[in-house]
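Here's a walk through a protein model with a ligand in it. Have a look at the sequence and the 3D view before reading on.

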Amino acid sequence: MIHDVQAKLDGLERHWECVVIGGGPAGAIAAICSAKAGLKTLLIERHALGKHKVCGACLNHRALRVLTSLGLHDAVRRLEGQSTHSFWLKGFGGELERRVPEGFAVSRSRLDRLLVTTAIEAGASVIDRVTATVEAPASSAADAQPNGTRGVRLNSVRQQNEIRIQAKAIVVADGLGHPSLKSTEFEERIAESSHVGIGAVVIDGRDSMPWVRPHTIHMAAASGGYAGLVLVEGGDVNLAAAVDPTFLRACGSPEKAFSALLGEAGFPSLPASTMSLGHRRQWRGTPSLSRSINRVASERVFVVGDASGYVEPFTGEGMAWAMHGGALVTRSVKIAVSGDLETAEADWAQDWRRQIYQSQRTCRRLAWLLRHPTVAKFGVSIAARFPGLTGRLIDQFDVELSA
Ligand SMILES: Cc1cc2nc3c(=O)[nH]c(=O)nc-3n(C[C@H](O)[C@H](O)[C@H](O)COP(=O)(O)OP(=O)(O)OC[C@H]3O[C@@H](n4cnc5c(N)ncnc54)[C@H](O)[C@@H]3O)c2cc1C
């Protein structure tokens, strides 16, 4: 396997119009759109394709709209996930159930694999199990890259050798912490009170957790964080939570933390059988979730998805933002490839601010609310008594992202 990767790296072309780093929703969709626009595109993913990720696994109606616009509506339905149309929240002494615009729940391994396969079909080249690092911009004319390009270093997982490639435009979609930008002009800020993500999939969870309802997003809100459960394909149950790191440490393990959140909110705890290997896929974690970046475009680099800043997963919008960003960035990439860097960078900074950052506002407010249990308790009781208010909140999430 490792030899395959080495051989692929050695044989890889060195000059590309568009290099995309990261094979999640943002990167895969950027690669699909760039290849469809006729650009010579390379997508690089550091893990083997289809690896499980911490995620609530719920595509909301806005994410589905982006997928439909790419002609992927039927392909996504064929992944055999579940449509979702209800939201059931318990916590802070209250409970509410609401209808939400129809979404779709499917495991991330299936979804990411579909998107990367679509990028290949669109004409992009893809290499996985390879880590990409963007080089710092040239500090002098002597260091400048040939033919107006920027360099990217590629290492196979075992780092047996390293190659350098050049790109006219680089889309960085490498998720939280954007590791590929470590030694560049990009800097990030992590919010002090940031939660971290944890997640797992309970195989055949429908049998061991019969209280989990079909077509329903379950959310448990508690003082240590919040946890979401949903049925995905084949009766598996996807678990994902955003938790306070101190609470996680005090609980001793992700499954105990998850169970404690469920219990405090008023849902049944995780059954003991789900704690043993064989009944679940391994628990995984994420770095701090709430973070921002000092810029989203510079010197041929365009940052999209979680890498461009993330708030909290409470509203289940991360994939919609990532997908929309991946599709939207292609316009700036094409301008950069044509040589007008100044316009390309200014355009992406403006598109990102107007269409992604602005739509994260509601999520930022809700994240604040959840950190203040007294206010959150009041919020849940008001929402339960006045369904029209939650309807209006849901409408806010429904604001159309324009192309
Ligand atoms: C607990 C939790 C629950 C969530 N629930 C939901 C939900 O229900 N619905 C929703 O829409 N969103 C949800 N989200 C958010 C969602 O998971 C993210 O917003 C989404 O995955 C972002 O996509 P992305 O493509 O930007 O990043 P990612 O999906 O993280 O993809 C980044 C990719 O880049 C790769 N990579 C990293 N570094 C390199 C490198 N140097 N070289 C090459 N490849 C690299 C990684 O391996 C990864 O595959 C949740 C998040 C959390 C933490």
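What follows goes from the overall fold to the ligand, then to two groups of strands, a helix and a few single residues.

**The protein as a whole**

Keep in mind that this is a predicted model. The protein has 14 helices and 18 strands, and 56% of its 403 residues are buried. Take the contacts between residues at least 6 apart in sequence: 72% of them join residues at least 24 apart. As for the surface, the protein exposes about 17,200 Å², with carbon and sulfur atoms supplying 52% of that.

**Around the ligand**

How many residues surround the ligand? There are 37, and the closest are Glu45, Gly56, Cys58, Arg108 and Asp306. Sorted by character, the shell splits into 19 nonpolar, eleven polar and seven charged residues.

Some backbone atoms come close to polar atoms of the ligand, and three such pairs are listed here.

| Residue (polar backbone atom) | Ligand atom | Distance |
|---|---|---|
| Alanine 132 | nitrogen | 2.9 Å |
| Glycine 316 | oxygen | 3.4 Å |
| Methionine 319 | oxygen | 2.8 Å |

On its own, the ligand has 1,000 Å² of accessible area, and the protein covers 94% of that. Which elements give two or more residues to the shell? They are helix H2 (25-36), strand S2 (41-45), strand S7 (130-134), strand S14 (237-243) and helix H9 (318-328).

**Strand S9 and its partners**

Now find strand S9, residues 162-172. Eight of its eleven residues are buried, so S9 is largely enclosed by the rest of the structure.

S9 pairs with strand S1 (residues 15-21) through six bridges, and these two run parallel. Within that pairing, valine 19 sits opposite isoleucine 170 of S9. Strand S8 (residues 150-156) is also joined to S9 by six bridges, but that pair is antiparallel; here glycine 151 has glutamine 166 of S9 as its bridge partner. Then there's strand S18 (residues 301-303), which pairs with S9 in the parallel sense over three bridges. Isoleucine 170 turns up again in this pairing, with valine 301 of S18 as its bridge partner.

Just ahead of S18 is a residue worth clicking on. Arginine 300 lies in the loop between strand S17 (297-298) and S18, and its phi is near 75 degrees, a positive value in a residue other than glycine. Is arginine 300 buried or exposed? Its relative accessible area is 12%, and because the cut-off for buried is under 20%, arginine 300 counts as buried.

**Helix H10**

Helix H10 covers residues 330-338, and Thr330, Ser332, Val333, Ile335, Ala336 and Val337 are buried in it. What do the buried residues of H10 pack against? Their neighbors are S1, H2, S9, S18, H9 and helix H11 (341-357). That list ties back to the earlier sections: S1 and S18 both pair with S9, while H2 and H9 give residues to the ligand shell. Just after H10, glycine 339 takes a positive phi of about 110 degrees.

**The eight-stranded sheet**

There's also an open sheet of eight strands with mixed pairing, in the order S3-S5-S4-S12-S13-S14-S11-S15. Its edge strands are S3 (58-59) and S15 (284-288), each of which pairs on one side only. S14, which sits in this order, also gives residues to the ligand shell.

In the sheet, strand S4 (residues 82-91) and strand S12 (residues 216-222) run parallel and are joined by six bridges. Tryptophan 88 has histidine 218 of S12 as its bridge partner. The side chain of tryptophan 88 also makes a 2.8 Å polar contact with the side chain of glutamate 95.

Glutamate 95 belongs to strand S5 (residues 94-105) and is partly exposed, with a relative accessible area of 38%. Its C-alpha atom is 9.4 Å from that of alanine 220, although the two are 125 residues apart along the chain.

Finally, look at histidine 215, in the loop between helix H6 (205-208) and S12. Histidine 215 has a positive phi of about 60 degrees although it is not a glycine. With 29% relative accessibility, histidine 215 counts as partly exposed.

Methods
Residues numbered from 1 in each chain as written. Predicted model: local features only at pLDDT ≥ 70, side-chain atom pairs only at ≥ 80, totals over all residues. Heavy atoms only, no water. Near = heavy atom within 4 Å. Polar contact = N/O pair within 3.5 Å; in protein donor to acceptor, adjacent residues only side chain to side chain. Areas by Shrake-Rupley, 256 points an atom, 1.4 Å probe, with all protein chains shown as cover. Helix = DSSP H or I, 4+ residues; strand = E, 2+ residues; numbered from the N terminus. Nonpolar A, V, L, I, M, F, W, Y, C, P; charged D, E, K, R; others polar. Buried < 20%, exposed > 50% of the residue type's maximum accessible area, 1.4 Å probe, protein only. Pairing = 2+ DSSP bridges. Contact = heavy atoms within 4.5 Å.
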